[in-house]
Amino acid sequence: MPNVTVVGAGVFGLTIALSLPRHYNVTMVACDMPGDPDSLDWASPWADAGFGGGGTKPNDPEEMEMLKAAFRYYWTLSESHPESSVKKMQDVYFRDNVATDADLWWKDFMPDYRIMDPSELPPTSNAKIGITYTSPVLTLSIYLTYLTSLLHASPNVTFVRKTVSSLDELLYLSPDVIVNTTGVGAGTLSPVNNPLVEPVRGQTIVIRQPAIDHMTLQSGIDYCYVIPRGDGTAVIGRIKEPGDTADQEVDPEIRKDIAFRANQLDLRVPATVDALDVVRDIVSIRPGCKGGMRLEAEVLQLGADKMDVPVVHVYGAGGTGYALSPGVGRKVALLVDDFIMGDKFPVPRMVGKGTTAVASTVSEEKGRCKVM
């Protein structure tokens, strides 16, 4: 069976592993795993997601198709797998920099799409246009657990807890293909060392407010959102400047601004921090990339012997990782198949080339390091 090593166990890594054929041996290698204690070293557990139709590159045809595929995937989950946390919900989208929807490629794709009457716009938010539609919303801590449970039920998938600083360190697994989903780590992962990787600091507040029953987003000049989680809580927040990772403490001024702007969008959110029923504050680092998400296949020379190893890179989705992940999973699965089954990237396969000692080490490590 072909061996595929996926580096990173965030939403990209998990979704890609589920998208690969079951006759591939898949090894998930990561330092941080779903269910671990809170850590800012990875982004996936910290987000909350609704589907807004936005990618990392404006009107990019490939990302549009990925987003459409993701929408269909989440819509189906909402109807057939409530344990995934995915549910259909009314979304309200305000724009404060333009008064048109002409540039929104997804306006003919979303169910129940409607331009709101001007009287429905929040009077203090500077919104120039409001749009409402129905889309999937998910609670990410539950969704990650759902994906992980599916992988643990798959006999072809093994989890290995390991800190990886170089792709060379994975050669003992005899991978036919390596899938690099290391997020911000791609900036320092050898030999990738991508200088375009750009962390983005985010700050949000989880509040208790059962009355909030739909997602609200504003973008343009001011960016803010209110996302109900379905358990009586909601996430309110915004993103700060890209590249800001130095301060991982809660910024009290941003906290005040979040409450103020969220109240403008939904009056059920108190306008002051003191009036919020706060569950927790969250500061997280999102994995951005200048120029947009990198999704690319190449052959790298790894190890002392400079062995040709196929690598598929996918990272840099910033705050759109969950919206893109199902479509990304499909695309990466095709690229992996091109390496293993096709002739697009004809390189020597590594399966069967390892010594008995290497094979024994792999088996021992899998048995020792399998988690959850």
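**Helix packing, the nonpolar core and an annotated site**

In this predicted model, the buried residues of helix α2 pack against β4 (87–95), β6 (129–138), α3 (140–152), β14 (294–302) and α5. The residues of α2 that are buried include M64, L67, F71, Y74 and L77, along with the polar E63 and S78. Helix α2 itself runs over residues 61–80, and its 20 residues reach 29 Å from the first C-alpha to the last, close to the 28 Å expected.

One of the partners of α2, helix α5, deserves a closer look. Of its 20 residues, 15 are buried, so that α5 is mostly covered. A kink of about 35° interrupts α5, centred on G327. The largest nonpolar core holds 65 residues, of which Y143, V179, V328 and V336 touch the most other members. Helix α5 (residues 321–340) supplies the largest share of this core, 10 residues. Beyond its sequence neighbours, V179 touches V332 and V336, as well as V4, T5, V6, V7, I16, V312 and V314.

Turning to the annotated site, an unreviewed UniProt entry marks V164 and T182 as "binding site". Although they span 19 residues in sequence, their C-alpha atoms are no more than 9.4 Å apart, so they gather at one spot. V164 sits in the loop between β7 (157–161) and β8 (177–180), while T182 belongs to the loop between β8 and β9 (197–208). Leaving aside neighbours within four places in sequence, V164 is in contact with V7, V29, E169, L170 and L189, and T182 with V7 and L189. T182 is partly exposed, at a relative accessible area of 22%, and its side chain makes a polar contact with that of N180 (2.6 Å).

Methods: Residues are numbered from 1 along each chain as its sequence is written. This is a predicted model: local features need pLDDT of at least 70, side-chain atom pairs count only at pLDDT 80 or more; totals for chains, interfaces and linings use all residues. Side-chain values use heavy atoms; hydrogens and water are left out. A nonpolar core is a set of buried Ala, Val, Leu, Ile, Met, Phe, Trp, Tyr and Cys residues joined through side-chain atoms within 4.5 Å. Buried means under 20% relative accessible area, exposed over 50%, partly exposed in between (1.4 Å probe, protein chains only). Helices (H or I, at least four residues) and strands (E, at least two) are DSSP runs, numbered from the N terminus. Contact means heavy atoms within 4.5 Å. The bend at a residue is the angle between axes fitted to the seven residues ending there and the seven starting there. The expected span of a helix is 1.5 Å times one less than its number of residues. UniProt positions are given in the numbering used here, feature names are shortened, and annotations may be inferred rather than shown by experiment. A polar contact is a pair of N or O atoms within 3.5 Å; within protein, one must be able to donate a hydrogen and the other to accept it, and residues adjacent in sequence count only if both atoms are side-chain atoms.
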